[in-house]
Amino acid sequence: MNSKAIVSLADANYFDLLLELINSIKSHKESKDISICILDAGLDSDQINILKDRGIISVLGKDSKEFLQNIITNDINIVNRDNSIFSGIFTPQGKYLYEFFIIKSDDGYFLDCSEEFVVELKVFLEKYKLNSDVEIKDISGKYVVGIISNEKFEEIKKEENKTTQTIIY
């Protein structure tokens, strides 16, 4: 996999540390393939809050799009580098099982979900993999999930000359 994604949330206690991390990441040439997805939680304009209770599962491979489309509640076809979605998985009877955000990666997709369901969701996905060319991994230890304010997000969109709701930054 050639790129990485950071999805972010923060409060005032972690803002300086996360800002330092982001600036450090952006200062290296290897960071050109790092995506940062930013969500709003009503924070102060320059505040970033790390979500400690989030996990990330990667779904990679040439069949990843079709694999996910067949089991999620939203349309995977609208997910691209400029647009992420919120989706879920239900039983055939309509009973809620899981919910997550889906973010496009170079080789497939990242599922940002509650940390308490990472292992369970990964096992569930593996069960439906069958002969699909799909690799499913818990990559929670490699990424931080967090948010920034809508004001900061709009500022970054303006700086990057973007109108989309997902920004590679």
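Colleague: Before we start, what counts as a salt bridge here?

Modeller: A salt bridge pairs a side-chain nitrogen of Lys or Arg with a carboxyl oxygen of Asp or Glu. Keep in mind that this is a predicted model. The cut-off for such a pair is within 4 Å.

Colleague: Okay, so how many salt bridges does the whole structure have?

Modeller: The search covers the whole structure, not just one helix. Lysine 152 and glutamate 155 make one of them, and glutamate 135 with lysine 137 makes another. The total found is seven.

Colleague: Let's zoom in on lysine 152 and glutamate 155: how far apart are their N and O atoms?

Modeller: Both residues sit in helix α4, three residues apart, which is about one turn of the helix. An α-helix has 3.6 residues a turn, so residues three or four places apart point the same way. Their side chains meet in a salt bridge, with an N to O distance of 3.1 Å.

Colleague: Which residues are joined into one network by salt bridges that share partners?

Modeller: One link you can look up is lysine 129 with glutamate 126, at 3.7 Å from N to O. Lysine 129 has a relative accessible area of 22%, so it's partly exposed. Shared partners bring the network to Lys122, Glu126 and Lys129.

Colleague: Back to α4, then. Why do its buried residues line one face of the helix?

Modeller: Helix α4 runs over residues 150-159, and Phe153, Ile156 and Lys157 are buried in it. Look down the axis of α4 and those buried residues line one face, because they fall within an arc of 105°.

Colleague: And which exposed residues are on the face turned away from that buried side?

Modeller: Exposed means over 50% relative accessible area, so partly exposed residues don't make the cut. Glutamate 155, for instance, is at 34% and counts as partly exposed. The face of α4 turned away from the buried side carries the exposed residues Glu151, Lys158 and Glu159.

Colleague: What phi does asparagine 161 take?

Modeller: You'll find asparagine 161 just after α4. Its phi is positive, at about 55°.

Colleague: Last one: is aspartate 53 buried, exposed or partly exposed?

Modeller: Aspartate 53 is in the loop between β3 (48-50) and β4 (54-60). Together with Glu115, Glu116 and Glu120, Asp53 forms a negative surface patch. Buried would need under 20% and exposed over 50%. At 46% relative accessibility, aspartate 53 counts as partly exposed.

Terms used:
Residues are numbered from 1 along each chain as its sequence is written. This is a predicted model: local features need pLDDT of at least 70, side-chain atom pairs count only at pLDDT 80 or more; totals for chains, interfaces and linings use all residues. Side-chain values use heavy atoms; hydrogens and water are left out. Buried means under 20% relative accessible area, exposed over 50%, partly exposed in between (1.4 Å probe, protein chains only). Helices (H or I, at least four residues) and strands (E, at least two) are DSSP runs, numbered from the N terminus. The arc is that of the directions from the helix axis to the C-beta atoms. Patches are made of residues with over 30% relative accessible area and no salt bridge: like charges are joined within 9 Å, nonpolar side chains (Val, Leu, Ile, Met, Phe, Trp, Tyr) within 5 Å. Accessible areas come from the Shrake-Rupley method with a 1.4 Å probe; for residues, only the protein chains shown count as cover. Lys and Arg count as positive and Asp and Glu as negative; His and the chain ends are not counted. The place of a charge is taken as NZ of Lys, CZ of Arg, CG of Asp or CD of Glu.
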